[in-house]
Amino acid sequence: MRCPHCGTIEDKVIESRTLANGDAIRRRRECISCSYRFTSYERIDERQFMVVKKDSRREPFDRQKLERGVVRALEKRPFSQMEIENLVNEIEDETAILSKGSGEISTSTIGNLVLERLEKLDKVAYIRFASVYKHFNDMNEFLQEINNVKVQT
């Protein structure tokens, strides 16, 4: 593993931890040259499935896109990086399961999975994600979604 600080490829693993029900491994590493510490993740590289966009275009599933959306929704909320990582892993696992038959999954299915998880986890994050995902056009749509969340709790 190349050190992100000095570029040397000599390092040692300090700690390994299993994540996401055994589907991923998080490793803390230390560069032997400069003693810089960094984290790497290992996961099984399964067959890439395709995401079907609203305009019927298809593109490979991108975990980083999913993670960016979840991180942005949970920004400045009381959740650790580990909790966010586990949430993203759960959603990724679910999308992989749902796409098994056809090798494809729609963006709306992924968006709904994220909304379901965020609604259970944090109402503020849910509203943040919903406002972008559902393309709120005005304040009334925003308030209506807030009222829907209030009624359910």
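Is Leu-118 buried or exposed, and at what relative accessibility? Before I answer, let me say that what we are looking at is a predicted model. Leu-118 sits in helix H3, and because its relative accessibility is 0%, where buried means under 20%, it counts as buried. If we leave aside the neighbours within four places in sequence, Leu-118 is in contact with Ala-73, Leu-74, Leu-87, Lys-123, Ala-125, Tyr-126 and Phe-129. There is also Val-70, which lies 48 residues away along the chain from Leu-118, with 8.4 Å between the two C-alpha atoms.

One of those contacts, Leu-87, takes us to helix H2, where it is among the buried residues, together with others including Ile-84, Val-88 and Ile-91. The cover over the buried residues of H2 includes strands E1, E3 and E6, as well as helices H1 and H3. As for its length, H2 has 18 residues, running from 81 to 98, and at 1.5 Å a residue it should span 26 Å, which agrees with the 26 Å between its end C-alpha atoms.

Let me turn now to the sheet, which is open and has three strands in the order E1-E2-E3, paired antiparallel. E1 and E3 stand at the edges with a single partner strand each, so one side of each has no neighbour in the sheet. From one strand to the next, the twist averages 25 degrees. Between E1 and E2, the antiparallel pairing is made by eight bridges, and Thr-18 has Ile-25 in E2 as its bridge partner. H2 packs on this sheet, where it touches E1, E2 and E3, and its direction makes about 60 degrees with that of E1.

Conventions. Residues are numbered from 1 along each chain as its sequence is written. This is a predicted model: local features need pLDDT of at least 70, side-chain atom pairs count only at pLDDT 80 or more; totals for chains, interfaces and linings use all residues. Side-chain values use heavy atoms; hydrogens and water are left out. Helices (H or I, at least four residues) and strands (E, at least two) are DSSP runs, numbered from the N terminus. The expected span of a helix is 1.5 Å times one less than its number of residues. Buried means under 20% relative accessible area, exposed over 50%, partly exposed in between (1.4 Å probe, protein chains only). Contact means heavy atoms within 4.5 Å. Two strands pair if DSSP finds at least two bridges between them. Axes are lines fitted to C-alpha atoms, for helices over the stretch in contact, and angles run from 0 to 180 degrees between N-to-C directions.
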